[in-house]
Amino acid sequence: MKTRRLFDSVTERLIEWVIWLCGVSAIVFVFAIFFFVFREGWGYLFSGLNLREFLFSVEWYPTSVSHKRYGVLALLAGTTAVTVTAMTIAVPFGLGAAIFISEFCGPKVREAIKIVIELLAAIPSVVWGFIGLMVMHPLIVRVFHAPIGLTVLNGGIILALMSVPIIVSIGEDSLRAVPDSYREAASALGATRWQLIYRVLLPAARNGLLAAVLLGVGRAVGETMAVLMATGHTLQIPKGLLDSARTLTATIAAELGEAPVGSEHYQVLFIIGILLFIITFLVNLAADFVVKGIRR
Amino acid sequence: MSGRSVNFKPWLCCAVVALAASCSRTPEGSAGSSATKPTIQNAGSDTMVNLAQAWAEEYATVDPSVSVEVSGGGSGTGIAALINGTVDIANCSRKMEPEEIEKAKTTSGREPEEHVVGYDALAVYVHKDNPLDTISLEQLADIYGEGAATTSWSQLGVKNAGCPSDEIIRVSRQSNSGTYHYFREAILGSKRDFKLGSRDLHGSKDVVELVGTTPCALGYSGMGYATPAVRTLSVAPKTGAPAFPPTIENTLNKSYPISRPLYMYTAGAPSAHAKKYLDWIYGDTAQKIVETTGYVPLPKKPAPGTSP
């Protein structure tokens, strides 16, 4: 009996410890990743990099012989343009689909739609890029008579298709998490279905829905391969949906492989990584504040 | 319980970080493993590094008793390493300069030996429906260069019916590809930069594919990549001078202006292993690899060994 109790207490502690380790590992990994990205870039970040030129110049000439310039303004503009375009398409479609699946359709249709949407999420990003390059590019040229189809619009549509599944599944989960008593109470008070959704469900599920949208934004900002192939990879500030652009992530993907380790160019690419870190951090932080603001 | 976890945290974080830090940078050129095998050290031109790598991999199956170690770093780096005696073969996408040869002679007492192992020729591509036939290097510079003024097809004197906007869509390469560097050097000289706003694609084949689906596009890529969807332009060294189409003959007789030989240099006569490797490079298998990696192989005749 006594050994049994000892055994129990040991396994109990062991399991507690393992679970604690699992929980902490996420934090450790995030900090470790941040540490390494920062370490590769910091030498040049604090000595040599002209921060004003870095943030406010469009001139990105990392391999110029006569005058190397590292300005990421065009890349920032590209990332912003593509992400905003993608979200303009993905948020209404994603949330609409989530509402439809959770509130309007029967169980059979729901299962069918959910399976198809999960399938959409399983398509690798290279395949999306390929669709952008081979299908969307000629289509945009034909429909809009644009000189080239590798544009912000192309990248935006591809990214929207990639982030819709995330928005739908998380949005649907959070709508379904709203207790049925809310729905019943609203119906009992004579609310129409629209009123029920607009006045009761959306406010009740707003945290989950916001999380869904932000994960979609995260996906759009962080996506690399598809935008590299679909946006045309062009260093310019896009002036419209039919202009080509280049994103921060695509630049790292395209150039890091061949930049000599430890060179200025290599370090600047890591500084772009830090910049991406800061952007996603700010997006998450803003979301936290928004959620807290709504709660109050 | 929470008190205990706090005790764990610091050492755990430190341990993970320290562990990862200790294994992230391994010293370059691990000598231990290859000490038993004779190695051919091969370094230099970034343009040639893929080709040299492909050769080295193939050669490992031909002669497993020798290992070929390839690194890039640039033509100048390769030559410097050859002068210092740290490499057996230096890859170079330009001719060795007289002072480099002088330096090599004084340091090692041996005159560097030059071996032409292939050619690099870039074709200028347009969509198959584009009526343009010829272009000069000056015109290309005025399209691709920083501050260039030519932005429309009508400025080149053609009416590109497939392209209603008349805009020249410049297709280029990502800024650290050898093709990008060579094209910049051939068109703009060593100092001038490209104009921003070109579509910078990630592969030689991608450039040709995009040009093939875009009537407004103008692009450059290795001449081996042509497809039925594109046309290659004849290039003139000067406006008004005769233009030459990118063919293997025009590359070999140097009349096509955007081409250059690819060299391998050895310090004096190559060592036995290096000699065998170079002879293999002149052979059919290796020259086939030249073609598949996008360069122009040597003319088909018995291996000339070295040039004067």
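Here are three short exercises on this predicted model, each with a worked solution.

**Exercise 1. Find out where chain B is modelled with low and with high confidence.**

Start with the whole chain: chain B averages a pLDDT of 81, and 85% of its residues score at least 70. Next, go through the elements of chain B: helix α1 (residues 2–24) has the lowest mean pLDDT, 40, while strand β10 (residues 234–236) has the highest, 94. Then look at residues 1–35 of chain B, where the pLDDT is below 50 and the model shows nine contacts beyond near neighbours in sequence. A word of care: where pLDDT is low, the predicted coordinates should not be read in detail.

**Exercise 2. Describe how the two domains of chain B meet.**

First, mark the domains: domain 1 covers 39–120 + 261–292, and domain 2 covers 123–252. Their C-alpha centres lie 31 Å apart. Now turn to the contacts, in which five residues of domain 1 of chain B meet four residues of domain 2 of chain B. Finally, sort the residues on the domain 1 side: one is nonpolar, one is polar and three are charged.

**Exercise 3. Decide whether His233(A) and Asp166(B) are buried, exposed or partly exposed.**

Begin with His233(A), in the loop between α10 (225–230) and α11 (248–255) of chain A. His233(A) is buried because it has 28 C-beta neighbours inside 10 Å, and 20 or more are needed. Move on to Asp166(B), in the loop between α5 (137–144) and β6 (169–173) of chain B. Asp166(B) has 15 such neighbours inside 10 Å, so it counts as partly exposed.

Lastly, check the backbone: His233(A) has a positive phi of about 50°, and Asp166(B) has one of about 65°. Most residues other than glycine have a negative phi.

Terms used:
Residues are numbered from 1 along each chain as its sequence is written. Chains are lettered from A and ligands numbered from 1 in the order in which they are written. This is a predicted model: local features need pLDDT of at least 70, side-chain atom pairs count only at pLDDT 80 or more; totals for chains, interfaces and linings use all residues. Domain bounds come from an automatic or database domain assignment. Two residues are in contact if their C-beta atoms, placed from the backbone, lie within 7 Å. Ala, Val, Leu, Ile, Met, Phe, Trp, Tyr, Cys and Pro count as nonpolar, Asp, Glu, Lys and Arg as charged, and the others, Gly among them, as polar. pLDDT is the predictor's confidence in each residue, from 0 to 100. Helices (H or I, at least four residues) and strands (E, at least two) are DSSP runs, numbered from the N terminus. A residue is buried if 20 or more other C-beta atoms lie within 10 Å of its own, exposed if 12 or fewer, and partly exposed in between; C-beta atoms are placed from the backbone.
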